[in-house]
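Subject: Structure for your review

Dear colleague,

Please find below the structure for your review. A summary of the findings follows it.

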Amino acid sequence: GNLLKNVGFLMGIEFREATYLLGPKNTNALKAGMVFNVAVGLQNLEDKKNGKYALLIADTVLVGESTCDVLTTLVKKSFKNISYNLNVEDEEEDPKAAAEEAERRKELKAANRAALSEASEKRKRATAANSNAGITAEELEIRRK
């Protein structure tokens, strides 16, 4: 297999901001509040039974003042919850399979919303705790070292 040419991208108005790919040619600085899809991908893998396929492992990451939060930590990561099989052949779509897929996507969206909400609350609590203690982000980073 071959590694993909980048390891992620900025998520903004467009899901994938093509002008901000995470790769060897990107020299842009990261700023607090930016959200990235960080991924490792392999393409042109081959399986004797199923033929060629690609593999992508990714998380959504929020850049903070001094740390980053992985927003997808609460999302179920079992194979059935994260795998997709796209056949290029013209096949009749099974109504039952389509309904199951729609339900699975609905559950994934709900889990993603919950993870984003929890990460947001975690950041608010940490910011409030640091503020109440009179600790700046820079002081907190120094203390962590």
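Which residues make up the largest nonpolar core? The model is a predicted one, and in it this core consists of six residues: L10, Y20, L22, M34, F36 and V63. As background, nonpolar side chains in soluble globular proteins tend to be buried together.

One member of the core, V63, has contacts that can be listed in full. Apart from neighbours within four places in sequence, V63 is in contact with L30, K31, A32, G33, M34, F36 and C68. M34 and F36 thus appear both among these contacts and in the core itself.

Overall organisation

The secondary structure of the protein comes to three helices and six strands. Along the sequence, the elements follow the pattern β-β-β-β-β-β-α-α-α. The protein has 145 residues, and buried residues make up 20% of them. Of the contacts with a separation of 6 or more, 48% are between residues 24 or more positions apart. The exposed area of the protein is about 11500 Å², with 55% of it supplied by carbon and sulfur atoms.

Aromatic pairs

A pair of aromatic rings is described by the distance of the centres and the angle of the planes. Rings are counted as a pair if their centres lie within 6.5 Å, and as edge-to-face if the planes are over 60 degrees apart. By this rule there are two aromatic pairs. In one of them, the ring centres of F9 and F15 are 5.3 Å apart and the planes stand at 70 degrees, so this pair is edge-to-face. F9 counts as buried because its relative accessibility is 9%, under the 20% cut-off. F15, by contrast, has a relative accessibility of 55% and therefore counts as exposed, the cut-off here being over 50%.

Y20 and F36 form an aromatic pair that is also edge-to-face, at 5.6 Å centre to centre and with 65 degrees between the planes. This pair links distant parts of the chain: Y20 belongs to strand 3 (residues 17–21) and F36 to strand 4 (residues 35–47), 16 residues apart. Both Y20 and F36 are buried, and both are members of the nonpolar core described above.

Surface patch

On the surface, Y53, L55 and I57 form a nonpolar patch, and together they have about 290 Å² of accessible area. I57 is placed in strand 5 (residues 51–63). With a relative accessible area of 57%, I57 is exposed.

Two asparagines

N44 lies in strand 4, the strand that also holds F36. The phi angle of N44 is near 60 degrees, which is a positive value in a residue other than glycine. N44 has a relative accessible area of 45% and is therefore partly exposed.

N112 is found in helix 2 (residues 95–132). Its relative accessibility is 32%, so N112 counts as partly exposed. N112 touches T72 and V75, leaving out residues up to four places away in sequence. N112 and L74 are 38 residues apart in sequence, while their C-alpha atoms are 7.6 Å apart in space.

In reading the model, you may wish to begin with Y20 and F36, which form an edge-to-face pair and belong to the largest nonpolar core.

Yours sincerely,

A colleague

Key
Residues numbered from 1 in each chain as written. Predicted model: local features only at pLDDT ≥ 70, side-chain atom pairs only at ≥ 80, totals over all residues. Heavy atoms only, no water. Phe/Tyr/Trp six-rings, centres within 6.5 Å; stacked < 30°, edge-to-face > 60°. Buried < 20%, exposed > 50% of the residue type's maximum accessible area, 1.4 Å probe, protein only. Helix = DSSP H or I, 4+ residues; strand = E, 2+ residues; numbered from the N terminus. Contact = heavy atoms within 4.5 Å. Areas by Shrake-Rupley, 256 points an atom, 1.4 Å probe, with all protein chains shown as cover. Patch = residues over 30% accessible without salt bridge, like charges linked within 9 Å, V, L, I, M, F, W, Y side chains within 5 Å. Salt bridge = Lys/Arg side-chain N within 4 Å of Asp/Glu carboxyl O. Core = buried A, V, L, I, M, F, W, Y, C linked by side-chain atoms within 4.5 Å.
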